[in-house]
Amino acid sequence: MKKELKRKKSVSLVPEYVFDTYRNVSAEFLTSLGIRALLIDIDNTLAPYEQDLPDENIIAWFEQMRAADIRCALISNNHADRVELFNSLLSLHAYPDSKKPCKKTLLRAMSDMSVDASVTAGLGDQLLTDTLAVHKLGMISIIVPPIKDKKTLFFRFKRMLERPFMRIYRRRKKKKGGQNI
């Protein structure tokens with residue numbers, strides 16, 4: 001008798017939504033999806049690596065999220081000194097050295113905010129870290145293009161690996177009549 005193999009559910013690297021900038025991800029949009037919490041990358045999503053503090057646009061965007069009762073947490077692979085300094089004006093739940101796409105930190109953030117994956121989405125700039133991490137938990141992935149991408153060989157290689165998945169996203173979007181999917 002043959003033993004049946006258990007198949008792992010595959011996790012897609014294709015995001016559900018892509019926006020030009022984090023500022024276009026409105027509280028109204030998130031609320032329309034039933035999203036009550038957002039796990040957000042910092043570097044190249046909200047600000048370039050060399051920007052130590054959030055600017056007035058970032059602060060105003062988070063104020064809109066708070067006004068709509070959308071809980072936010074910063075989930076970064078960067079180190080504590082960077083994350084803590086950036087968060088000093090925001091006072092959010094913040095998690096440095098998160099090791100995305102590992103899901104452990106995301107689970108901790110949701111627990112700390114008293115939400116679960118069904119009402120939480122992720123916002124980032126990288127498919128191989130941000131999208132993969134949230135998709136492992138069955139959450140919605142929202143991607144923005146990197147603000148100022150690093151030009152190292154490692155980052156260029158990662159962006160090259162992302163291209164086919166972004167083409168799939170664009171094809172799906174085109175089929176849906178140009179709407180975010």
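Visitor: Before we dig in, what counts as buried here?

Guide: Buried means under 20% relative accessible area, while exposed means over 50%. Keep in mind that this is a predicted model.

Visitor: Good. How do I read a salt bridge, and how many are there?

Guide: The general idea goes like this: side chains of opposite charge can pair when their charged atoms come close. In this model the count comes to six salt bridges. One of them joins Lys 100 and Asp 41, with N to O at 3.1 Å.

Visitor: Why would I care where Lys 100 and Asp 41 lie in the sequence?

Guide: Because Lys 100 lies in the loop between β4 (93–95) and α4 (104–112), and Asp 41 in the loop between β2 (37–40) and α2 (56–67), the pair ties together parts that are 59 residues apart in sequence. As for accessibility, Lys 100 and Asp 41 are both buried. There's a third partner to look up as well: Asp 41, Lys 100 and Asp 130 are linked in a network of salt bridges.

Visitor: Which residue does Asp 125 pair with?

Guide: Arg 159, and the closest N and O atoms of that salt bridge are 2.8 Å apart. Asp 125 sits in the loop between β5 (120–124) and α5 (127–136), whereas Arg 159 belongs to helix α6 (residues 153–175), so this pair links parts 34 residues apart in sequence. Asp 125 has a relative accessible area of 3%, so it is buried. Arg 159 is buried too, at 14%.

Visitor: What about a salt bridge inside one helix? Which side chain of α6 meets Arg 159?

Guide: Start with helix geometry: an α-helix has 3.6 residues a turn, so residues three or four places apart point the same way. Now the case here: Glu 162 and Arg 159 form a salt bridge, 2.9 Å from N to O. The two are three residues apart in helix α6, which means about one helical turn separates them. Glu 162 is buried, with a relative accessible area of 6%.

Visitor: And how do I read the faces of a helix? Which residues of α4 are buried?

Guide: Look for Thr 105, Leu 106, Ala 109 and Met 110. Viewed down the axis of α4, its buried residues fall within an arc of 135 degrees, so they line one face of the helix. The face turned away from that buried side carries exposed Lys 104, Arg 108 and Ser 111.

Visitor: What covers the buried residues of α4?

Guide: The cover includes β2, β3 (71–75), β4, β5 and α5. Past the helix, have a look at Ser 114: it follows α4 and has a positive phi, near 60 degrees.

Definitions and conventions:
Residues numbered from 1 in each chain as written. Predicted model: local features only at pLDDT ≥ 70, side-chain atom pairs only at ≥ 80, totals over all residues. Heavy atoms only, no water. Salt bridge = Lys/Arg side-chain N within 4 Å of Asp/Glu carboxyl O. Helix = DSSP H or I, 4+ residues; strand = E, 2+ residues; numbered from the N terminus. Buried < 20%, exposed > 50% of the residue type's maximum accessible area, 1.4 Å probe, protein only. Arc of directions from axis to C-beta. Contact = heavy atoms within 4.5 Å.
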